[in-house]
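Subject: A structure for you to look at

Dear colleague,

I am handing over the sequence and the structure below, and I would ask you to keep them open while you read. My notes on what was found follow after them.

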Amino acid sequence: MTTPRVRRPPDEARRLILDAAASLLAEGGVAAVQVRAVAARVGMTDAGVTHHFGNREKLLAELLRHGGRQLRTALQDVLAAWLDHGADLLELVESLEALYRRGYGELAVALRAAGWHDPGSGMLDPVVDALHRLRPPGSSIDETRHAVAALHQAMATEALYGSDFRRSAGLTGTAANDSTTHVHWWARQLHLALGTEPAQQNPRQPKSKSRR
């Protein structure tokens, strides 16, 4: 879909170009991020895009930084909201799954395929600390970190591969296509891994709700 061409301040134009490029990256990978496609999406000429970024290679390099900032900001917002509500494990799992289902799963995979790597800022440290406080005295902090990392990995890829992976394990129909039961399963596994008590932390029962 082509947007009508309008004049914009340079900062706004750069932001719109990067947002459009990020959408194309998530939709079709690096090959989809072409100057002409970006220009059509934001209502510019090809020359307008290259005026702001020089060439496609420079646009891609800035896109990796821009997409990484978007991903980190969205994740931090989700985690901050979760911490404000208390350390409910099911809510954490549901929040992460919902975040990546909003297109950030595709973006994260595309960014990494394109060469972007998180600098290891420890953005999940507040989650690790909150969950570690729930664990029995003497529990290993590294085990808590592994549990959080495994959960993050699973929820980041759920929207992309969850149904296919469940089918590969023999699940069919709603059991494969609906992520609700799987999300609840992950919350229970996190309780087990951390040695916390699900009955006190997570009294809710799974509801049938399609996420695909």
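Of the 212 residues of the protein, 40% count as buried, and please keep in mind throughout that this is a predicted model. The protein has ten helices and zero strands, so that reading from the N terminus on, you will meet the elements in the order α-α-α-α-α-α-α-α-α-α. If you consider the contacts between residues at least 6 apart in sequence, you will find that 69% of them join residues at least 24 apart.

Let me begin with the early part of the chain, where helix H1 (residues 10–28) and helix H3 (residues 46–53) have axes that come within 10 Å and cross at roughly 105°. An angle from 65 to 115 degrees counts as roughly perpendicular, and H1 and H3 are therefore described as roughly perpendicular to each other. On the H1 side the contact is made by Pro10, Ala13, Arg14, Ile17 and Leu18, which meet Val49, His52 and Phe53 in H3. Sorted by class, the residues of this contact of H1 with H3 are six nonpolar, one polar and one charged.

There is also a record to set beside this part of the model, since an unreviewed UniProt entry carries the annotation "DNA-binding region" for residues 34–53. What does the chain look like over residues 34–53? In the model, that stretch is 80% helix and 0% strand, and its end C-alpha atoms lie 12 Å apart.

The next pair to look at is helix H4 (residues 56–85) with H6, whose axes come within 10 Å and cross at roughly 25°. Angles under 35 degrees count as roughly parallel, and H4 and H6 are therefore placed in that class, roughly parallel to each other. The crossing of these two helices, H4 and H6, is left-handed. In this contact Leu79, Trp82 and Leu83 in H4 meet Pro126, Val127, Ala130 and Leu131 in H6, and by class the residues of the contact of H4 with H6 are seven nonpolar, no polar and no charged.

Pro126, which is found in helix H6, deserves a separate look. Its relative accessible area is 41%, and Pro126 is therefore partly exposed. Pro126 and Gln76 are 50 residues apart in sequence, while their C-alpha atoms are 9.8 Å apart in space.

Helix H6 (residues 125–132) also has a contact with helix H7 (residues 141–168), and the axes of H6 and H7 come within 10 Å and cross at roughly 120°. Are H6 and H7 parallel or oblique to each other? The roughly perpendicular class ends at 115 degrees and the roughly antiparallel class takes only angles over 145, and H6 and H7 are therefore oblique to each other. H6 passes H7 in a right-handed crossing. The residues that H6 brings to this contact are Asp125, Val127, Val128, Leu131 and His132, and they meet Ile141, Thr144, Arg145 and Val148 in H7. By class, the residues of the contact of H6 with H7 divide into five nonpolar, two polar and two charged.

Two residues from these helices can be compared with the cut-offs for burial, under which buried means a relative accessible area under 20% and exposed means one over 50%. Asp125, whose place is in helix H6, has a relative accessibility of 32% and therefore counts as partly exposed. The C-alpha atoms of Asp125 and Val148 are 9.4 Å apart in space, although the two residues are 23 apart in sequence. Ser163, whose place is in helix H7, has a relative accessibility of 3% and therefore counts as buried. From Ser163 to Asp178 the separation is 15 residues in sequence and 7.6 Å in space, taken from C-alpha to C-alpha.

When you go through the model yourself, I would suggest taking the helix pairs one at a time, in the order used here.

With best wishes,
A colleague

How values were computed: Residues are numbered from 1 along each chain as its sequence is written. This is a predicted model: local features need pLDDT of at least 70, side-chain atom pairs count only at pLDDT 80 or more; totals for chains, interfaces and linings use all residues. Side-chain values use heavy atoms; hydrogens and water are left out. Axes are lines fitted to C-alpha atoms, for helices over the stretch in contact, and angles run from 0 to 180 degrees between N-to-C directions. Helices (H or I, at least four residues) and strands (E, at least two) are DSSP runs, numbered from the N terminus. A crossing is left-handed if the near helix is turned anticlockwise from the far one by less than a right angle, and right-handed if clockwise. Contact means heavy atoms within 4.5 Å. Ala, Val, Leu, Ile, Met, Phe, Trp, Tyr, Cys and Pro count as nonpolar, Asp, Glu, Lys and Arg as charged, and the others, Gly among them, as polar. UniProt positions are given in the numbering used here, feature names are shortened, and annotations may be inferred rather than shown by experiment. Buried means under 20% relative accessible area, exposed over 50%, partly exposed in between (1.4 Å probe, protein chains only).
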